Amino acid sequence: MKMKISNRVQSMEYSAIRKLVPYAEKAKADGKVVYHLNIGAPDTETPHEFLESIKKVEMKTISYPPAKGLDELREAIANYYAKDGLALNKENIAVTYGASEALLISLLMTTDYGDYILTSDPYYTNYDSFMVETGLKLSTFPTNFEDGFRIPDYDILKSSVKEGTKAILICNPANPTGALYSREELERIAKLAVEFDLYIIADEIYREFIYDGNKFTSIMEIEGVEDRVILLDSISKRFSACGARIGAIMSKNEEIMAAAFKLCTARLAVPTIEQIGATALYEMKSDYLKNVNEEYTKRRDLIYDEILKIEGAKTYKSQGAFYSIVELPIDDTDDFARWLLTDFEDDNETVMVAPLSGFYSESERGKSQIRLAFAVSQEKIKRGIELIKLGLEEYKKINK
């Protein structure tokens, strides 16, 4: 009998964000400069409090921390959320390996093999990988570029629920669309969850990145669903600490947290040193987030202004997160994005974008759309969009 890699892994696709990585690496190897507008890896400086707290650590042995996380970190997270009016205590919180493990734990404790998870379309492309890992299926409700990808009317939501649906998964503010859901929209989600007895898994890791004076509303603030909401948290985007891999899962439901703690025990623990650093981040008193938000607002506005200079291109001002969706006057942004890396250059420079088709449940949707991340400097954004404009002009000539 010949050994083989599992069907599970073989059926797993690379994310839409990373499919183009080999082409980008080849371009760099050939000496090109690649401007990365494709991925949400913030370039803002991680607060110095993180490393300063780690430097003060004096331990002769770094032993296992509690499986559910250090008490001081869980308390710091609870206090942080209390400032936004969410009444949590440390027993409502388990520390995880980033928001990714928080999502994995949420899926494992709320579903069984073959169940459905309902989410928006388009959605964060890595959700597909989690479905394969857990043996789940993804169903979606439609959202549209024309209205900024708002949550649809209740009848549409209701018609999207399949037999075997166990949870609604939302990202607010949304990746990839930058949509910020209003209280009214969240109340629709809550109504659906109650009517069909569903859990609500809410990825709110971009909650601090809100623009134009809008107010963020957490699904945990909506009355009547306190027993079914599971929040996912992370320091990755909020504090520009993606490599630290510290997240959290939170719920006011004691049974949910007991199940989460059990799963945390099975994987032993999250690194002690990073938890100490994360505690300092949640406890720091500074204008860090205010300053970061102001910078992201400038970057978002720059994308909007520069994209509208491209003939036939359309976009809108994202209300949250750090992503903008752009509609280009071409039929296949997958091909265009690849071509930018393989065949195009201006002064030995090119740009990498994320085709939006890979974020949809059906790849034929979004074929003229791309996602741009404004997680890089204004200078790089301006040059990156200039390269998109120049690339479009050349691409359209050879693809008449």
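Here is a quick look at one helix, one small sheet and the cysteines of this structure. Keep in mind that the model is predicted.

Let's start with helix 8, which runs over residues 183-195 and has 13 residues. From its first C-alpha to its last, helix 8 reaches 18 Å, close to the 18 Å expected at 1.5 Å a residue. A good part of the helix is tucked away: Glu-185, Leu-186, Arg-188, Ile-189, Ala-190, Leu-192 and Ala-193 are buried. What covers them? The cover for the buried residues of helix 8 includes strand 3 (116-121), strand 4 (137-142), helix 7 (154-159), strand 5 (165-171) and strand 6 (199-203). Just past the end of helix 8 comes Asp-197, with a positive phi of about 55°.

Next up is the sheet. Here 4 strands line up in the order 9-10-13-12, with antiparallel pairing, and the sheet is open. Its edges are strand 9 (314-315) and strand 12 (354-355), each pairing on one side only. Strand 9 pairs with strand 10 (residues 323-327) over 2 bridges, in the antiparallel sense. Across that pairing, Thr-315 sits opposite Val-326 of strand 10.

Finally, the cysteines. How many disulfides turn up in the whole structure? The search finds 0. Take Cys-242: the closest cysteine sulfur, in Cys-171, is 14 Å from its own, so the two are too far apart for a bond. Here is how two of the cysteines compare in accessibility:

| Cysteine | Relative accessible area | Class |
|---|---|---|
| Cys-242 | 26% | partly exposed |
| Cys-264 | 0% | buried |

Notes: Residues numbered from 1 in each chain as written. Predicted model: local features only at pLDDT ≥ 70, side-chain atom pairs only at ≥ 80, totals over all residues. Heavy atoms only, no water. Expected span 1.5 Å × (residues − 1). Buried < 20%, exposed > 50% of the residue type's maximum accessible area, 1.4 Å probe, protein only. Contact = heavy atoms within 4.5 Å. Pairing = 2+ DSSP bridges. Disulfide = S-S within 2.5 Å.
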